[in-house]
Amino acid sequence: MTPANRRIALAARPRGLPVPSDFALVAEPVPVPGAGQFLVAHEVLGLAPAARLRMSDEAGSYAAPLQIGDTVYGQAVGRVVASRHPDFREGEWVMTMAGGWQDYSVTDGTKVWKIDPALAPPAVWLGALGVSGMTAWIGLREIGRPRAGETVVVSAASGAVGSCAAQFAQAWECRVIGIAGGTDKCRYAVDSLGLAACVDYRAPDFAEQLRAACPQGVDVYFENVGGAVRETVWPLLNQGGRVVVCGLISEYNRQGAPEPGPAWSDVLAKRLCVQGFILSDRVHRQAEFVAEAGELYRRGRLRFREDASFGLEQAPAAFIAMLQGRNLGKSVVHLTEPRKT
Ligand SMILES: NC(=O)c1ccc[n+]([C@@H]2O[C@H](COP(=O)([O-])OP(=O)(O)OC[C@H]3O[C@@H](n4cnc5c(N)ncnc54)[C@H](OP(=O)(O)O)[C@@H]3O)[C@@H](O)[C@H]2O)c1
């Protein structure tokens, strides 16, 4: 029997939080690579909040909108199973940034990284050594530029990007304070990741707790969330503070006008640097990133936790759960049995 490529397609544009009927499971013939292309059999998918941005067709998003019927955007790790590309051979392991929620993808190698499964299991190449880790690394290296002894605050600190940002800043000898939703996530950030403190933004005294955790103010804020969390961090920023605008997940399900921004007078008076960035513009630094992050991972100083689902059909539910903060660690979907290495 000819193998099928099962994929999750966008069936409707979500209004607010996505619902299961916004997605459809479709089966089609496995695509055939053309000249200069290769076919990847996916083993693990990485769920990305940016997929929610691509489900909307509002102007102003950095991500091109999906059309109805398109495969949902996301990263995948898998093996090359057929190749007409000179640089990728059958059997090699790769991470493809835009593989999508499906069993197979065809690519010309753009934004595809070869990975070393001997260094870390496939799912790690979606998280700490993949897009999440590299996003954290680029944001801090290029924008945050934390110095030893500075205070770095990271929102969504137990999540895929946030946990890496926090651990890089710690490795660079900063004092790192996390912000996360709920006591379990905060406990994980302190007990397992070793943060100096982690504050629950849902606590009624969140602002007081955060101020107490940052007695020297905040030198670098790694922004994953936006909205009310940003408003609480903002007054604590020090002179010369840097705000790394990585993501604004609290606004991704928004319907209507964007939230009002913070005070420009503070940017002027405190000489703040506020800068956004998109990882896909910076992928040429991947080898440099893997050299540093791989070494930290090998030494146990860059920990990875996955929030795993099993089976392609589980991807929509896992994605909806992530947007609601019900994940702890990188949300991944295993399409095959997880490997033990
Ligand atoms: N700039 C780039 O190139 C780039 C690349 C990758 C990711 N990102 C961004 O990085 C951020 C984190 O992504 P990720 O993949 O690492 O996801 P993640 O942090 O593993 O999962 C998303 C987390 O966001 C938090 N969250 C959701 N809704 C929230 C709300 N209304 N208020 C506060 N927190 C909320 C939840 O954690 P809590 O329970 O702690 O709230 C949830 O667990 C996202 O904003 C994403 O868009 C940017």
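This is a short chat about a ligand site and a pair of helices in a predicted model.

Q: What should I know about the model before we start?
A: The model is predicted, so to speak of local features a pLDDT of at least 70 is needed, side-chain atom pairs count only at pLDDT 80 or more, and totals for chains, interfaces and linings use all residues. Residues are numbered from 1 along each chain as its sequence is written, and side-chain values use heavy atoms, with hydrogens and water left out.Q: OK, how many residues surround the ligand?
A: There are 27 of them, each having a heavy atom within 4 Å of the ligand, and the closest are Lys 185, Tyr 201, Tyr 252, Leu 279 and Asn 327.

Q: Which classes are they?
A: The shell has 16 nonpolar, 9 polar and 2 charged residues, where Ala, Val, Leu, Ile, Met, Phe, Trp, Tyr, Cys and Pro count as nonpolar, Asp, Glu, Lys and Arg as charged, and the others, Gly among them, as polar.

Q: And which backbone atom lies 2.9 Å from a nitrogen atom of the ligand?
A: That is a backbone N or O atom of Cys 246, while a backbone N or O atom of Gly 181 lies 2.8 Å from an oxygen atom of the ligand.

Q: Switching topic, how do helix H2 and helix H8 cross?
A: The axes of H2 (residues 131-144) and H8 (residues 286-298) come within 10 Å and cross at roughly 100 degrees, and the two helices are therefore roughly perpendicular to each other, a label for angles of 65 to 115 degrees.

Q: Which residues meet there?
A: Gly 133, Met 134, Trp 137 and Arg 141 in H2 meet Gln 286, Glu 288, Phe 289 and Glu 292 in H8, with contact meaning heavy atoms within 4.5 Å.

Key. Residues are numbered from 1 along each chain as its sequence is written. Side-chain values use heavy atoms; hydrogens and water are left out. Axes are lines fitted to C-alpha atoms, for helices over the stretch in contact, and angles run from 0 to 180 degrees between N-to-C directions. Helices (H or I, at least four residues) and strands (E, at least two) are DSSP runs, numbered from the N terminus. Angles under 35 degrees count as roughly parallel, over 145 as roughly antiparallel, 65 to 115 as roughly perpendicular and the rest as oblique. A polar contact is a pair of N or O atoms within 3.5 Å; within protein, one must be able to donate a hydrogen and the other to accept it, and residues adjacent in sequence count only if both atoms are side-chain atoms.
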